[in-house]
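Here is a short report on one protein model. Look at the structure first, then read through the sections in order.

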Amino acid sequence: MSCRINIKLETLCQKQSLKILSKIRYLKSSDIEAIYELYRKVKSAYLWPIGGDWQIPQFLQVIEKKQVIGSFSQQNGLLSFVIFKRLDDDCDILLIITQSERQKQGYMKELLTTLMKQEKAKTYFVEVHEKNIGAIEFYKKLSFEQVGMRKDFYGQGQNAYLLAKKG
Ligand SMILES: CC(C)(COP(=O)(O)OP(=O)(O)OC[C@H]1O[C@@H](n2cnc3c(N)ncnc32)[C@H](O)[C@@H]1OP(=O)(O)O)[C@@H](O)C(=O)NCCC(=O)NCCS
């Protein structure tokens with residue numbers, strides 16, 4: 001009997017380990033290596049542009065302005081991050097990334113949902129490369145809708161969808 005209870009508890013802990021172990025906070029300048037490394041790794045493995053060309057000075061700038069939140073675990077460090085910018089009542093999402101090995105485990109949904117609860121913007125906007133199907137599917141899951149098209153947004157012939165979600 002007690003053995004069965006132990007097995008059930010173990011399974012429950014495994015399922016909830018994400019919530020137990022991940023912590024969400026603004027990034028600090030001491031996180032610069034972690035964010036740059038994560039960005040560099042994901043970007044180099046990716047077929048499509050994912051939100052501009054970010055270098056260390058640009059990351060430091062947005063970190064200083066408190067425009068970056070991230071999700072951390074003790075074991076795996078920075079798991080995912082969002083860079084955003086408030087524009088009056090609205091909020092632009094500039095870049096979102098989750099570690100490749102930890103995608104589709106709910107980290108970004110949790111992070112963006114937390115950001116939206118905190119920012120309480122009227123509308124959230126994001127541009128996404130028209131061929132970045134994974135990211136488009138992700139945004140659809142969070143009820144973003146296409147509201148426009150940005151021709152040549154990422155360079156000639158590299159179009160982006162403009163997606164939006166009401167807060
Ligand atoms: C887009 C990205 C940030 C999503 O992060 P993630 O942590 O894997 O997303 P989550 O696990 O929170 O997914 C939330 C939901 O979206 C779905 N989803 C996520 N990625 C998906 C994909 N590639 N295809 C289909 N659905 C996907 C999940 O299955 C989940 O659905 P559910 O709520 O029904 O379970 C991640 O794939 C990534 O870093 N991509 C590379 C960078 C990029 O393209 N960024 C976007 C441009 S700025």
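## The core

This is a predicted model. Its largest nonpolar core has 31 residues, and of these Phe81, Val82, Ile93, Val126 and Val128 touch the most other members. Strand β3 gives the most to this core, with five residues. In soluble globular proteins, nonpolar side chains tend to be buried together.

Which residues does Phe81 contact, leaving aside its neighbours within four places in sequence? They are Leu27, Ile35, Val68, Ile69, Gly70 and Ile97.

## The overall plan

The protein has five helices and seven strands. Along the sequence, they follow the pattern α-β-α-α-β-β-β-α-β-α-β-β.

The protein has 167 residues, and 25% of them count as buried. Now take the contacts between residues at least 6 apart in sequence. Of these, 60% join residues at least 24 apart.

## The sheet

Strands of a sheet pair through backbone hydrogen bonds, either parallel or antiparallel. Here, seven strands make an open sheet with mixed pairing. Their order is β1-β2-β3-β4-β5-β7-β6. At the edges are β1 (22-26) and β6 (145-150), and each pairs on one side only. Direction ignored, neighbouring strands of this sheet are turned by 25° against each other on average.

Start at β1. With β2 it pairs in the antiparallel sense, over five bridges. Find Lys23: it stands opposite Phe72 in β2.

## Two hairpins

Next, follow β2 (residues 68-73) into β3 (residues 77-87). The two strands pair in the antiparallel sense over six bridges. They form a hairpin, with three residues between them. Val68 has Ile83 of β3 as its bridge partner. Val68 has also appeared above, among the contacts of Phe81.

How many bridges join β3 and β4? There are eight, and the pairing is again in the antiparallel sense. Strand β4 covers residues 90-98. Val82, one of the core residues named above, has Ile96 in β4 as its bridge partner. β3 and β4 also form a hairpin, this one with two residues between the strands. In its turn sits Asp88, with a positive phi of about 55°.

## Helices on the sheet

Helix α2 (residues 32-44) packs on the sheet and touches β3 and β4. Its direction makes about 95° with that of β3.

Which strands does α4 lie across? They are β1, β2, β3, β4 and β5 (123-129). Helix α4 runs at about 35° to β3.

## Around the ligand

Now turn to the ligand. There are 23 residues around it, and Gln103, Met108, Lys109, Gly134 and Glu137 come nearest. Three elements give two or more residues to this shell: β4, α4 (107-119) and α5 (133-141). Which of the elements gives the most to the shell? Helix α5 does, with five residues.

What classes of residue make up the shell? There are 11 nonpolar, eight polar and four charged residues.

## Putting it together

Strand β3 is a good place to look again. It gives the most residues to the largest nonpolar core. It pairs with β2 and with β4. Helices α2 and α4 both reach it. Helix α4 also gives residues to the shell around the ligand, and so does strand β4.

Conventions: Residues numbered from 1 in each chain as written. Predicted model: local features only at pLDDT ≥ 70, side-chain atom pairs only at ≥ 80, totals over all residues. Pairing = 2+ DSSP bridges. Helix = DSSP H or I, 4+ residues; strand = E, 2+ residues; numbered from the N terminus. Near = placed C-beta within 6 Å. Nonpolar A, V, L, I, M, F, W, Y, C, P; charged D, E, K, R; others polar. Axes fitted to C-alpha atoms, helices over the stretch in contact; angles between N-to-C directions. Contact = placed C-beta atoms within 7 Å. Buried ≥ 20, exposed ≤ 12 C-beta atoms within 10 Å, placed from the backbone. Core = buried A, V, L, I, M, F, W, Y, C linked by C-beta atoms within 7 Å.
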